[in-house]
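User: Please take me through this model by way of questions and answers, with the reasoning set out at each step.

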Amino acid sequence: MDKLRLRFSKTGRAVYISHLDLMRTMQRVFSRAGVPLKYSEGFNPHAKISLILPLSVGTASLCEYMDFALTEDRDLAALPAALNPYMPEGIEALEAYEAPGKGAELRWLRLAGVMKGGRDAAFYRDFFARSSIPAEHRAKRGMRTDDIAPSIKMARFTDIDGGAEAELILHAQEPTVSPELMMTALGEDAPAYFRFTRLEAYREDMTPFR
Amino acid sequence: MNEKIDALLRQVQRPARYVGGEYNQVVKDKADVDVRFAFCFPDTYEIGMSNLGMKILYGVLNDMPGVWCERVFAPWGDMADRLRQEHIPLWALESGDPLEDFDIIAFSLGYEMAYTTVLDMLDMGHIPLRAKDRPGLEHLVMAGGGCICNIEPMADFFDLCFLGEGEDVDREAVELYRRAKAEGWTKERYLREAARIEGVYVPSLYDISYNAGGTVAAITPKDGAPAKVRKRIVEDFDGCYYPTRPVVPSTEIVHDRVSLEVFRGCIRGCRFCQAGHTNRPVRSRSPETLLRLGKETLENAGYQELNLSSLSTSDYRGLSELCDGLLDYCRPRGISLSLPSLRADNFSMDIMQRVQQVRKSGLTFAPEAGTQRLRDVINKNVTEEDLLNSCRIAFEGGWNNVKLYFMLGLPTETDEDVLGIAELAKKVFWTWKQHAANKSRGVRITVSTSEFIPKPHTPFQWEAQISREEYLRRVDLLTDALSRTKSVTYNWHDAEMSLVEAALARGDRRVGAVIEDVWRRGGRLESWSEYFRLDRWLEAFPACGLDIDFYGTRERPVDELLPWEHMDCAVSRRHLERERERAYEGVLTPDCRAGCAGCGAASLLKEGVCRG
């Protein structure tokens, strides 16, 4: 079975598992569950899996997607329940299905989080309401500054004890804008501590990504 | 994770190693637990999680109802600094609770360079370092592992140590602790009672006195402690516990694979080798048992690699049968099978070819010495012909990557022996030229040398270590001799660490002050070159009124009372003395299967006969 997709969440202690480590972990989960992943041919075979959108260490997610292929037919509806007993703490398979389209169709992400030890909600609101927001990031050739304003569809902030709560809709691929990049744009006004969770993924036209 | 800890984890490298939550970790309800056991590994997560002994004892202890064993590792420098700045005590991975919440804090010690890390972990856990500063029954600090055969340098820090294999004795000591806790015993009473368990060493029950020259004058047991602590073994190794449900790390570690222990002990009697002498007698698992355990573990863990581990896996009698069985299972699943360094003498083309079918790695041989004379001295029963023959088979089979390990500074070594290493490497190169299946790919021959370190409980325990200057001179000699052979790469380990390791390996109780002093000067994770600093040790020895050369480069007379003489690893002193004499005569001692040398280890078995 080719072109399959798994939606899963990554929360709690699992947020510290890096992208590469997650790939390895997922392979082992499938292996433990006796669900045979398809392997590439060649001298150093590797499992045919791909995580659609790498997740930063420390960010939680309720909407992670992994594309994979199996060597045999499986009841996809029953797959999450078959995998979950073999997951490390904090990773939960939610849904498995035949991918309706390419992973590149995932364009927007809705996130929620807290920002502490910085400014208040009003400051962040004004800051991210500007028509141009330059942010420096690491690119293929050294550091590059981009305007991230067009990639922020929504940025709502509310005051909480010690900081602000945020709800964001950010462009996820081409270009990618992450909460980290937004914090970088804040410069000296960046909060000392922030933590975000990906809540939902959308296509370019804001219809839900599946 | 609360915000304070979460914030900290975001600032350090590889935070996944500090949070637990891995598949197969054991979590118990604290309401059902009466003994909390912190299994501390005095090195990083990546090293500790690769350790088979830790996996075994984690399983054994957690199989005991009412006992919850959790894992604690040494944080890397960035994390350790942040924890100290924030005054956050070191925690155990499963519960996230600080060390202070544990009844027993136990360390696994396989390497002397970990000693300062033990002190650092205790300190990070807010536990007093010295046993005498921990008056109560809580926070009992224990240790086990290969280093216990001379744990004198750490004796003042530990309440209780385990000599030999831990499967049974750990359980017995924990059961006794449970009773002591329920009945409200004093720590002294618990330690006195525990000292009656075979394999338990309570350092505080032994008084050590010294001669004017600094050598040990007497080791005097008190309060009914045995004059000699006898090592424990698991006699029925085939039926012995094996961790078929290991904790599977969610982040990459050093040996991220199933490690299947085929046998314990070693039939070889290499005279420099401590493990080969302290793990006797040989006890094996049957191929059927291994096959079952291997499959079960692979299924439970989901690993893609299985390693057959032991001190000398090519000596395993059922190796061929075992490899066949494992390959039948592994091949269709893309699981690779690996063998540790092979002996050149009984190396079989057959097994090598079968194993390489899944994935091919380099080949490693350890001739240890460059000439036959010196190999006979150390009882390394490998001839040049064996080695070259094995290499020929390997090259014909398509291998083009061979690693050769040697030691410099072995007893009686001359410049001729050092140059013999270069000669041997060149012969390996010529063998490749004559027999390579495909010469266009070239060949990589790597020669590595490390400095010989005399270790307790070996026939060389009395020997002097050569000085660092002399080691470097021999390194230069070999570098020069190899410089004209371009297919041979020479790596040598610096002697700085060996100097300290030698002093700690054969140290006495007074060396404890040096270890503490080095730790206070910032020493931790010292087996890592990033953190090791020789000058701290060279300052600490004289600061404590001791001389590092007294422990390292001094040859000890055979009639000297050695600091570890109350540790009985079942190989008799007489055997070690005899083996040392044979070394000087250059006489080989056959392996245990070819003929029993009467080392004494068979006395640990009920029938008094070892089956090799």
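The questions below concern a predicted model and turn to domains, chains, helix packing and single residues.

User: Which domains does the assignment give for chain A, and how far apart do their C-alpha centres lie?

Analyst: The domain assignment divides chain A into domain 1, residues 4-99, and domain 2, residues 105-202. Their contact draws on 13 residues of domain 1 and 11 residues of domain 2. Between the C-alpha centres of domain 1 and domain 2 of chain A the distance is 27 Å.

User: Which three residues supply the most of the area that domain 1 of chain A buries against domain 2 of chain A?

Analyst: Domain 1 and domain 2 of chain A bury about 990 Å² between them, with 59% of that area on carbon and sulfur atoms. On the side of domain 1, 46% of the buried area comes from three residues, more than from any other three: Leu53(A), Thr59(A) and Cys63(A).

User: In chain A, which residues lose the most area to chain B?

Analyst: The contact between the chains involves 23 residues of chain A and 29 residues of chain B. Together chain A and chain B bury about 2,300 Å², of which 45% is on carbon and sulfur atoms. Three residues account for 33% of what the chain A side buries, and these are Arg13(A), Tyr16(A) and Arg28(A).

User: Why is helix 16 of chain B described as oblique to helix 18 of chain B?

Analyst: Two packed helices are described by the angle between their axes and the distance between the axes. For helix 16 (residues 495-505) and helix 18 (residues 534-543) of chain B, the axes come within 10 Å and cross at roughly 40°. An angle under 35 degrees would count as roughly parallel, and one of 65 to 115 as roughly perpendicular. The crossing angle therefore makes the arrangement of helix 16 and helix 18 of chain B oblique.

User: Is the crossing of helix 16 and helix 18 of chain B left-handed or right-handed, and how do its contact residues divide?

Analyst: The crossing of these two helices of chain B is left-handed. Helix 16 of chain B contributes Glu496(B), Leu499(B), Val500(B), Ala503(B) and Leu504(B), while helix 18 of chain B contributes Leu534(B), Trp537(B) and Phe541(B). By class, the residues of this contact are 7 nonpolar, no polar and 1 charged.

User: How do the residues divide where helix 13 of chain B packs on helix 14 of chain B?

Analyst: Helix 13 (residues 384-396) and helix 14 (residues 415-435) of chain B pack at about 35°, their axes being 9 Å apart. The crossing is right-handed. Among the residues that meet are Leu387(B) and Phe395(B) of helix 13 and Val428(B) and Trp432(B) of helix 14. The contact residues divide into 7 nonpolar, 2 polar and 4 charged.

User: What is the handedness of the crossing of helix 14 and helix 15 of chain B?

Analyst: The axes of helix 14 and helix 15 (residues 468-482) of chain B come within 9 Å and cross at roughly 35°. Helix 14 of chain B passes helix 15 of chain B in a crossing that is right-handed.

User: Which residue is joined to Pro175(A) by a cis peptide bond?

Analyst: Pro175(A) sits in the loop between strand 9 (163-171) and helix 4 (179-186) of chain A. The bond in question has an omega of about -5°, and the partner of Pro175(A) is Glu174(A).

User: What is the phi of His87(B)?

Analyst: His87(B) belongs to the loop between helix 4 (77-86) and strand 3 (104-108) of chain B. Although His87(B) is not a glycine, its phi is positive, at about 55°.

Definitions and conventions. Residues numbered from 1 in each chain as written. Chains lettered and ligands numbered in written order. Predicted model: local features only at pLDDT ≥ 70, side-chain atom pairs only at ≥ 80, totals over all residues. Heavy atoms only, no water. Axes fitted to C-alpha atoms, helices over the stretch in contact; angles between N-to-C directions. Helix = DSSP H or I, 4+ residues; strand = E, 2+ residues; numbered from the N terminus. Parallel < 35°, antiparallel > 145°, perpendicular 65-115°, else oblique. Left-handed = near helix turned anticlockwise from the far one by under 90°. Contact = heavy atoms within 4.5 Å. Nonpolar A, V, L, I, M, F, W, Y, C, P; charged D, E, K, R; others polar. Domains from an automatic or database assignment. Buried area = accessible area lost by both parts, 1.4 Å probe.
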